[in-house]
Structures are given as C-alpha cells and as structure tokens.
Amino acid sequence: MEIREYTGYQEDEIIGLYSAVGWKAYTENPESLRKGYQQSLLILGAYEGKRLTGIIRVVGDGETIVFVQDILVHPEYRHKGIGTALLKAILTRYSHVRQIELVTDSRPETITFYESNGLRKLSDIGCTGFMKI
C-alpha cells in the first residue's frame, strides 16, 4: 500500500469508491463532490498498485483547524490498516494544529476506530457540536 497526495480528480474512480461504501449523498451530486474536492485543503489516496483503495479529504486553514471531511476505504480492502494509515498521515502532517475534528456515525466500531487512533469524543473533553441539516 502506498499513501500519496490525490491530484487530478478522476470522477469515475471517486464515484466508484463512494458508491462502494454507500455514500449516496455524494454520488447523487457528482458536480458538488468535484467542486468539494477542488476546494479541499488536502486529499490523500491509498493505492494498491494503480487502484485507489481509500481516501481521506480534509478542509480547513491548516494552521488553527483541520476538519476530516471524508475518510473511506473500499470494502474489499477494509481491516488492512488503510484507514489507520490515512488518518495517521493527516495527524502527522497537521500535528501543529490544535483542532483536528471530524463528524461520524456513532456505531461502536466507528468510535473504537477513532479512539484507537488518538481522537476523543467532544463530550469527553467538555464540548459539544452542532450541525445545520
């Protein structure tokens, strides 16, 4: 596996990856996803040869806040350390940033994954989050 910066947005492979993990909100509006990618702070891809197996996309200013917008691994490649490698690459690159945040579902396996990688629930540090839906 190789982690490298994802450049040159290729809609077919991105839509294929998002479809494989069931993220329909993204695949139903590919133009919006493309624009989101263009305006991201950094995107890293995980590759097996030439195949994109996972991606992490962050937004923010890179100095005071970084928000992990997307992190996904193709189902055929899960439980091989790809998600951890992608997240650690971001945490290392932005180790000087005080606020590295993300929003995710509250399934036990998801919480375990993020906690095992050094992230804490906002409620554990006396904070809360809000979202306009």
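Select tyrosine 18 to begin: in this predicted model the residue is buried, with a relative accessible area of 0%. Add tryptophan 23 to the selection, and you will find a residue that is partly exposed, with a relative accessible area of 28%. The ring centres of tyrosine 18 and tryptophan 23 lie 5.7 Å apart and their planes stand at 70 degrees, so this is an edge-to-face pair, the angle being over 60 degrees.

Now widen the selection to Tyr6, Tyr9, Tyr26 and Tyr37, which ring pairs link with Tyr18 and Trp23 into a cluster; across the whole structure, a search finds 7 aromatic pairs. Within the cluster, look at tyrosine 6 and tyrosine 37, whose ring centres are 6.2 Å apart with planes at 75 degrees, so that they too are edge-to-face. This pair joins distant parts of the chain, since tyrosine 6 belongs to the loop between strand 1 and helix 1 while tyrosine 37 sits in helix 3 (residues 30-38), 31 residues apart. Tyrosine 6 and tyrosine 37 are both buried.

Turn next to the sheet, which is open and has 5 strands in the order 1-2-3-4-5, with mixed pairing. Its edges are strand 1 (2-5) and strand 5 (99-102), each pairing on one side only, and from one strand to the next the twist averages 25 degrees. Select residues 51-60 and 65-73 to show strand 3 and strand 4, which pair in the antiparallel sense over 7 bridges; here isoleucine 56 stands opposite isoleucine 71 in strand 4. Helix 1 (residues 11-20) lies across these two strands, running at about 90 degrees to strand 3.

Finish at arginine 4, which lies over the face of tyrosine 47, at 3.7 Å from the ring centre.

Note on methods: Residues are numbered from 1 along each chain as its sequence is written. This is a predicted model: local features need pLDDT of at least 70, side-chain atom pairs count only at pLDDT 80 or more; totals for chains, interfaces and linings use all residues. Side-chain values use heavy atoms; hydrogens and water are left out. Two strands pair if DSSP finds at least two bridges between them. Helices (H or I, at least four residues) and strands (E, at least two) are DSSP runs, numbered from the N terminus. Axes are lines fitted to C-alpha atoms, for helices over the stretch in contact, and angles run from 0 to 180 degrees between N-to-C directions. Contact means heavy atoms within 4.5 Å. Rings of Phe, Tyr and Trp (its six-membered ring) pair if their centres lie within 6.5 Å; planes under 30 degrees apart count as stacked, over 60 as edge-to-face and the rest as tilted. Buried means under 20% relative accessible area, exposed over 50%, partly exposed in between (1.4 Å probe, protein chains only). A charge sits over a ring if NZ of Lys or CZ of Arg is within 6 Å of the ring centre and within 35 degrees of the ring normal.
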